[in-house]
Amino acid sequence: MREIQVSQIIETVKEMCIEANHFLGEDMVGALNKAAETECSELGKKILHQLQDNLDIAGKDMIPICQDTGMAVFFVEVGQDAHVVGGDLTEAINEGVRRGYTEGYLRKSVISDPLLRVNTKDNTPAVIHYNIVPGDKIKFTFAPKGFGSENMSKIYMLKPADGVEGVKEAVLKAVSEAGPNACPPMVVGVGIGGTFEKAAILSKKALTRSVDEHSKLPHIKDLEEELLTKINNLGIGPAGLGGSTTAMAVNIETFATHIAGLPVAVNICCHVNRHSVREV
Ligand code: SF4
């Protein structure tokens with residue numbers, strides 16, 4: 001058993017909150033740069049240049065990339081030989097979020113009850129997805145999620161007979177309905193298979209994969225490429241004002257499912273597809 005102090009987890013999470021809200025990964029920066037070069041519409045190009053400038057200013061002046069600094073979402077891989085000491089893992093993550101959002105002057109967007117709607121004033125609690133894995137380390141993937149794009153996400157419980165054509169239709173319908181509300185150019189995360197909730201989690205996990213990377217499954221890689229082309233042919237464009245760049249990537253994750261079903265979840269992320277990954 002390897003011991004990991006909660007103090008180390010709190011500090012790590014705090015830093016991740018601040019980092020992810022000010023800097024995008026190299027993959028996302030590269031995708032924005034590429035889009036700015038290839039975009040057909042002049043207005044679309046101009047918007048993409050503004051997004052590039054915004055990103056530069058965010059990193060240099062330490063101003064968040066977007067005013068919506070998101071709800072804190074974590075995927076946590078806990079090594080089965082790691083022993084957390086000095087406190088509780090979930091509380092340590094929430095304490096890190098509390099400190100990150102307070103000390104980093106990030107907007108606090110979380111309310112304690114979906115109907116009573118009182119702000120918790122520290123952006124907690126985080127949404128945490130745990131996974132137990134071999135090893136003695138804990139790996140955190142932090143993905144703050146803005147709700148402009150989250151609100152445009154969809155889940156479809158398709159029938160097996162709908163097949164791959166049904167999947168394509170569902171993804172295109174979700175993206176078309178999202179339109180400008182998802183702050184395009186977007187990254188489209190798709191989860192296919194599992195159960196109702198598994199598909200949704202897969203679609204969110206898909207957003208944390210590099211936009212440069214395709215699925216390792218050849219038929220899914222083909223589907224990612226085909227859907228990206230079809231989405232960009234919709235003409236929604238940067239900021240929804242028309243153009244050839246509606247999405248920068250379609251990332252699909254799949255899982256086994258039941259003979260009677262074909263769940264498809266579409267989790268849309270805006271151009272601020274932020275994440276930070278650390279291991280302790
Ligand atoms: S959807 Fe993204 S870009 Fe739009 S307001 Fe939310 S975080 Fe910002």
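In the predicted model, Glu37 forms part of helix α2, which spans residues 26-38. The residue counts as exposed, because its relative accessibility is 65%. Between Glu37 and His49 there are 9.5 Å in space, taken from C-alpha to C-alpha, and the two residues are 12 residues apart in sequence.

Ser215, by contrast in setting, belongs to a loop; this loop connects α7 (196-207) with α8 (218-232). Ser215 is classed as buried, since its relative accessibility is 12%. A polar contact links the side chain of Ser215 to the backbone nitrogen of Leu217, at 3.1 Å. When residues up to four places away in sequence are not counted, the residues that Ser215 touches are Arg209, Ile220, Lys221, Glu224 and Ile252.

At the level of the whole protein, the domain assignment yields domain 1 (2-20 + 66-144) and domain 2 (147-273). The centres of domain 1 and domain 2, computed over C-alpha atoms, are separated by 26 Å. Contact between the domains involves nine residues of domain 1 and seven residues of domain 2.

The ligand is surrounded by Cys66, Gln67, Asp68, Gly146, Gly148, Ser149, Cys183, Cys270, His271, Val272 and Arg274. In this shell, four residues are nonpolar, five are polar and two are charged. Because both domain 1 (2-20 + 66-144) and domain 2 (147-273) contribute residues to the shell, the ligand lies between them.

The cysteines were examined next. A disulfide requires two cysteine sulfur atoms within 2.5 Å, and by this rule the count in the model is zero. Cys17 accordingly takes part in no disulfide, and the cysteine sulfur nearest to that of Cys17 belongs to Cys269, 16 Å away. Cys17 is also buried, with a relative accessible area of 0%. For Cys269, the closest cysteine sulfur is that of Cys270; the two sulfur atoms are 4.3 Å apart and therefore too far from each other for a bond. Cys269 is likewise counted as buried, its relative accessibility being 4%. Cys270, the partner in this unbonded pair, is also one of the residues around the ligand.

Methods: Residues numbered from 1 in each chain as written. Predicted model: local features only at pLDDT ≥ 70, side-chain atom pairs only at ≥ 80, totals over all residues. Heavy atoms only, no water. Buried < 20%, exposed > 50% of the residue type's maximum accessible area, 1.4 Å probe, protein only. Near = heavy atom within 4 Å. Nonpolar A, V, L, I, M, F, W, Y, C, P; charged D, E, K, R; others polar. Domains from an automatic or database assignment. Helix = DSSP H or I, 4+ residues; strand = E, 2+ residues; numbered from the N terminus. Polar contact = N/O pair within 3.5 Å; in protein donor to acceptor, adjacent residues only side chain to side chain. Contact = heavy atoms within 4.5 Å.
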